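Here is a set of short exercises to work through with the model open on your screen. Try each task yourself before you read its solution.

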Amino acid sequence: VDQSKAELEEAIKIRRDFIAAREALARLYLTRAQPGNAIKEADEILKLSPNYLPAKLIRSSALLGLGEREQARGELEEISKRNPENVEARYQIAYLAFVDKKFKESEEIFRKINQSNPDDLRSTVGVVEALSAQNRHA
């Protein structure tokens, strides 16, 4: 992982507008639970390409990781208006509903994702977790 990070950083030094390297680095930061660094890279991508959807999704995911739910919600609403069927945006919205203890809403979104993407394990787990939470809070 450290070697990958170093190689991506070197690629960006060589070519500052290398969006693919910046995106890979931002995703690496997300997987390493470094949302602040992921946001910085996503912001750099968005300076280069303001409508680049993957960077917007990385940014909203990182905001959720930082506990910035309201800011993430606003960004996800904007993403959803332009890309209503985007699975990653819908997943993040379902997760946000779950964190907000809107378990029924979360379940419905996860269920819709699962119906259109039955192989998406995250949505299956989301449905189960949302149902379980509803039972615990009934």
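## Exercise 1: A small residue in a helix

Ala 89 has a relative accessible area of 0%, so it is buried. Keep in mind that this is a predicted model.

**Task.** Find which helix holds Ala 89, and list the residues that Ala 89 touches beyond its neighbours up to four places away in sequence.

**Solution.**
- Step 1: Locate the residue; Ala 89 is found in helix H6.
- Step 2: Leave out residues up to four places away in sequence, and Ala 89 touches Leu 57, Leu 76, Ile 79 and Ser 80.
- Step 3: For a sense of distance, take Asn 37, which is 52 residues from Ala 89 along the chain; the two C-alpha atoms are separated by 20 Å.

## Exercise 2: Two helices side by side

**Task.** Describe how H5 and H6 pack: at what angle, and how far apart are their axes?

**Solution.**
- Step 1: Mark the two elements, helix H5 (residues 69-82) and helix H6 (residues 87-99).
- Step 2: Their packing angle is about 145°, and the axes lie 10 Å apart.
- Step 3: Look at the handedness: H5 passes H6 in a left-handed crossing.
- Step 4: Pick out the residues that meet. H5 brings Arg 69, Arg 73, Leu 76, Ile 79 and Ser 80, while H6 brings Ala 89, Gln 92, Ile 93, Leu 96 and Val 99.
- Step 5: Sort the residues of this contact by type, which gives six nonpolar, two polar and two charged.

## Exercise 3: A charged residue in H6

**Task.** Decide whether Arg 90 is buried or exposed.

**Solution.**
- Step 1: Arg 90 is found in helix H6.
- Step 2: The cut-off for buried is under 20% relative accessible area.
- Step 3: Arg 90 has 14% relative accessibility, so it counts as buried.
- Step 4: Leaving aside neighbours within four places in sequence, Arg 90 is in contact with Pro 84, Glu 85, Ile 109, Lys 112, Ile 113 and Ser 116.

## Exercise 4: The largest pocket

**Task.** Give the volume of the largest pocket, and say which elements give two or more residues to its lining.

**Solution.**
- Step 1: The volume of the largest pocket is about 170 Å³.
- Step 2: Its lining consists of Leu 30, Pro 35, Ser 61, Ala 62, Leu 64, Gly 65, Glu 88, Tyr 91, Gln 92, Tyr 95 and Arg 122.
- Step 3: Helix H4 (53-65) and H6 are the elements that give two or more residues to this lining.
- Step 4: By type, the lining residues divide into six nonpolar, three polar and two charged.

## Exercise 5: Backbone angles in two loops

**Task.** Work out where Ala 33 and Lys 101 sit.

**Solution.**
- Step 1: Start from a general rule: most residues other than glycine have a negative phi.
- Step 2: Ala 33 is not a glycine, yet its phi is positive, about 55°. Ala 33 sits in the loop between helix H2 (19-31) and helix H3 (35-48).
- Step 3: Lys 101, also not a glycine, has a positive phi of about 65°. Lys 101 sits in the loop between H6 and helix H7 (103-116).
- Step 4: Ala 33 has a relative accessible area of 63%, so it is exposed. With 58%, Lys 101 is exposed.

## Exercise 6: Stepping back

**Task.** How many helices and strands does the protein chain have?

**Solution.**
- Step 1: The protein chain has eight helices and zero strands.
- Step 2: Of its 138 residues, 36% count as buried.
- Step 3: The C-alpha atoms fill a box of roughly 55 × 30 × 30 Å along the principal axes.

Methods:
Residues are numbered from 1 along each chain as its sequence is written. This is a predicted model: local features need pLDDT of at least 70, side-chain atom pairs count only at pLDDT 80 or more; totals for chains, interfaces and linings use all residues. Side-chain values use heavy atoms; hydrogens and water are left out. Axes are lines fitted to C-alpha atoms, for helices over the stretch in contact, and angles run from 0 to 180 degrees between N-to-C directions. Helices (H or I, at least four residues) and strands (E, at least two) are DSSP runs, numbered from the N terminus. A crossing is left-handed if the near helix is turned anticlockwise from the far one by less than a right angle, and right-handed if clockwise. Contact means heavy atoms within 4.5 Å. Ala, Val, Leu, Ile, Met, Phe, Trp, Tyr, Cys and Pro count as nonpolar, Asp, Glu, Lys and Arg as charged, and the others, Gly among them, as polar. On a 1 Å grid over the protein atoms alone, a cavity is a set of points where a 1.4 Å probe fits but cannot get out, and a pocket is an open set with protein on both sides within 12 Å along at least five of seven lines; lining residues have an atom within 4 Å of a point. Grid points are joined across faces, edges and corners, and a volume is the space filled by probe spheres set on the points. Buried means under 20% relative accessible area, exposed over 50%, partly exposed in between (1.4 Å probe, protein chains only).
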